[in-house]
Amino acid sequence: MSRDRRGHPWFSIVVPKPDAPLRLFCLPFAGGGASTYVSWARSLAAQPIELCAIQPPGRENRIAEPPFTAMTPLVEALASAMQPLLDRPYALLGHSMGA
């Protein structure tokens, strides 16, 4: 998994689209990681959507970082990381415990 064009570890943007009119933030299922959405990003390559797969600490390329053990600090940290990317309309997608 790569970091996004800003070098931020929270997001994997496999197909960067800096001019896309919509960002789709995808939360992985419980225990999953951003790689869950690689095929989705490639399938959406021709669409005007930038898929930002969320990579929580303690998973995949962030395995060396301690995972969050409570929801409130996780949500606060993620909201802070997302803030610079909320410069256009966006949607959140999650399923299972990622919802």
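**View 1. Phe11 sits in strand 1, which covers residues 11-12.** This close-up, like the others here, comes from a predicted model. Phe11 is buried, and its relative accessible area is just 1%. Look across to Leu51 as well: 40 residues separate Phe11 and Leu51 in sequence, while their C-alpha atoms are 9.4 Å apart in space.

**View 2. Cys26 and Cys52, two cysteines without a bond between them.** How far is the sulfur of Cys26 from the closest cysteine sulfur? That closest sulfur belongs to Cys52, and the gap is 8.3 Å, which is too far for a bond. It works the other way round too: for the sulfur of Cys52, the closest cysteine sulfur is the one in Cys26. A disulfide would need the two sulfur atoms within 2.5 Å, so at 8.3 Å this pair doesn't make one. Searching the whole structure turns up 0 disulfides. As for surroundings, Cys26 is buried at 0% relative accessible area, and Cys52 also counts as buried, with 0% relative accessibility.

**View 3. Glu60, a loop residue with a positive phi.** Where does Glu60 lie? You'll find Glu60 in the loop that runs between strand 3 (49-54) and helix 2 (71-82). Its backbone is the thing to look at here: phi of Glu60 is near 45°, and Glu60 is not a glycine. Most residues other than glycine have a negative phi. Is Glu60 buried or exposed? Neither label quite fits, because Glu60 has a relative accessible area of 32% and is partly exposed.

Definitions and conventions. Residues numbered from 1 in each chain as written. Predicted model: local features only at pLDDT ≥ 70, side-chain atom pairs only at ≥ 80, totals over all residues. Heavy atoms only, no water. Helix = DSSP H or I, 4+ residues; strand = E, 2+ residues; numbered from the N terminus. Buried < 20%, exposed > 50% of the residue type's maximum accessible area, 1.4 Å probe, protein only.
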